[in-house]
Amino acid sequence: MDSTLTEEQQQLRDAVAGFLGARYDLETSRAAAKSAPGWQPAVWRGFAEELGILGATLPERVDGMGGGAADVMVVVEELGRALVVEPFVDTVVVGAGLLERSGGERADAVLRGIVAGEVRTAFAALEPTAGATLHDVATVARRDGADWVIDGAKAVVTSAPLATHLLVTARTGGERRDRDGISLFLTEFDAANPPAGVEVHSYRTIDDRVGADLVFTGLRLPADALLGAEGGAWAAIEETVDVATAAICAEAVGCLRTVLADTVEYAKQRKQFGVPIGSFQALQHRMVDMYIELEQAVAAARLAADALSAGPADRARALSAAKVTVGRAARFVGQNAVQLHGAMGMTEELAVGHYFKRLTALEREFGTTDHHRARYARLTRP
């Protein structure tokens, strides 16, 4: 994957790696993740002011740098290597992607806030009974005079406790599983002091991140809360989620690189019967299998990134194929890394257990392996 990077992308990768290497050691990051805030605001400010990565792919009209999707993948892989918990994908890939594709003055104003490090977004799309099907929307929005009123519930809204703004899907037309009739709404948000009509149930996820379930009961929003055309949000949602899927595949690759490197190093140091366990042929074969899975994940993530400029059907096929490949690698490499570390593999002191938890979450984010396998089958059916 490194051989495909341009000189500018290599410089970007080195800058992000250097920043994280100096400020994001495991002990500090785990302490921050388990603290009440659940993140490091100073690191987020550094992303905006020192690295400029929060606006790397956004257009110049909102103070961004106008980069491409490949730049995002370079950044996110490095974030995966360091096990960063700050809401980069939720804000820069999902939130900014939805805002840019929806357009409008209010969207541009929020995009400028993202570039400046002042705005963090959460995407309230999944519903309690919908699984990974984002167009299964029972939440409804109705007009009341000049306002919109939203009723419904959203589940597993990642980064919601950290968000300053919510992006909410609601049905303004059509039947429950129709792709037409879905609208996207933007509202300011504070989980500690939510707007009237929003009930927040916050929690910590297995990978030491934060999320929330939300219930909307008569949430009243002004007319300009609607982003884009009424009932026409699905195309922007589908494309944005595909880009986000490519991003978490790159993040998983970063995690996998660290997990495999740590496992190989441990096998060189840990001794059994007076010799390093890495000298045992059976364990060497196991680590070779882990390396093969990693390389397949690297190739799949790269193909997914390249497919983002393709048509909707080709893009979706490539993204689902990548998600299946990376999900399989995440499970295989993670499980074997923990096993090769023995009982220490799941302790708080070693990094491998924390990475395995994150890989487990990534396997399910934006659709499980089974979901994407079924999606790929539908898209390739004659």
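## A tour from the C-terminal domain to the loops

Begin by selecting residues 234-378, which UniProt lists, in an unreviewed entry, as "domain: Acyl-CoA dehydrogenase/oxidase C-terminal"; UniProt positions are given in the numbering used here, feature names are shortened, and such annotations may be inferred rather than shown by experiment. What is on screen is a predicted model, in which local features need pLDDT of at least 70 and side-chain atom pairs count only at pLDDT 80 or more, whereas totals for chains, interfaces and linings use all residues. Residues are numbered from 1 along each chain as its sequence is written, and side-chain values use heavy atoms, with hydrogens and water left out.

Over residues 234-378 the chain is 79% helix and 3% strand, with the end C-alpha atoms 19 Å apart; helices (H or I, at least four residues) and strands (E, at least two) are DSSP runs, numbered from the N terminus.

**The whole chain**

Zoom out to the full model, where the chain holds 11 helices and 10 strands. Its C-alpha atoms fill a box of roughly 80 × 50 × 40 Å, taken along the principal axes. With 382 residues, a compact globule would have a radius of gyration near 21 Å, and the value for the chain, 21 Å, agrees with this; the radius is taken over C-alpha atoms, and the globule rule is 2.2 Å times the number of residues to the power 0.38. Buried residues make up 53% of the 382, where buried means under 20% relative accessible area, exposed over 50%, and partly exposed in between (1.4 Å probe, protein chains only). Among contacts (heavy atoms within 4.5 Å) between residues at least 6 apart in sequence, 72% join residues at least 24 apart.

**Helix H7 and its salt bridges**

Next, select Glu251 and Arg209, whose side chains meet in a salt bridge at 3.5 Å, N to O. The pair links distant parts of the chain, 42 residues apart, with Glu251 in helix H7 (residues 234-269) and Arg209 in the loop between strand S6 (198-204) and strand S7 (210-221). A salt bridge here is a side-chain nitrogen of Lys or Arg within 4 Å of a carboxyl oxygen of Asp or Glu, and a search of the whole structure finds 28 of them.

Keep Glu251 in view and add Arg358, which also forms a salt bridge with Glu251, the closest N and O atoms being 2.9 Å apart. Arg358 lies in helix H10 (residues 351-364) and Glu251 in helix H7, so this pair ties together parts that are 107 residues apart in sequence. Arg358 is buried, with a relative accessible area of 6%, and Glu251 is buried at 5%. To see the wider arrangement, select Asp207, Arg209, Glu251, Arg358 and Glu365, which are linked in a network of salt bridges.

Elsewhere on H7, select Asp242, which pairs with Arg315 in a salt bridge whose closest N and O atoms are 2.9 Å apart. Arg315 belongs to helix H9 (residues 312-340) and Asp242 to helix H7, so the bridge joins parts 73 residues apart in sequence. Arg315 counts as buried at 6% relative accessibility, and Asp242 counts as buried at 2%.

Gly254 is also in helix H7, and at 0% relative accessibility it counts as buried. Leaving aside neighbours within four places in sequence, Gly254 is in contact with Glu77, Gly80 and Arg81. Gly254 and Val75 are 179 residues apart in sequence, yet 9.9 Å apart in space, C-alpha to C-alpha.

**The N-terminal annotation and Arg120**

Now select residues 6-117, covered by the UniProt annotation "domain: Acyl-CoA dehydrogenase/oxidase N-terminal", again from an unreviewed entry. This span is 68% helix and 0% strand, and its end C-alpha atoms lie 27 Å apart.

Move on to Arg120, in the loop between helix H6 (105-115) and strand S1 (121-124). Which side chain of opposite charge is nearest to this buried residue? It is Asp190, 7.9 Å away, and Arg120 has no salt bridge; in this count Lys and Arg are positive and Asp and Glu negative, while His and the chain ends are not counted. The backbone oxygen of Leu162 lies 2.7 Å from a polar atom of the Arg120 side chain. Not counting residues up to four places away in sequence, Arg120 touches Trp39, Trp44, Pro87, Thr91, Leu162, Ala163, Thr164 and His165.

**Two positive phi values**

Finish with Asp63, in the loop between helix H3 (41-51) and helix H4 (69-82), where phi is near 75°, a positive value in a residue other than glycine. Asp63 is exposed, with a relative accessible area of 53%. Phe366, in the loop between H10 and helix H11 (369-380), has a positive phi near 55° and is partly exposed, with a relative accessible area of 22%.

Conventions: Polar contact = N/O pair within 3.5 Å; in protein donor to acceptor, adjacent residues only side chain to side chain.
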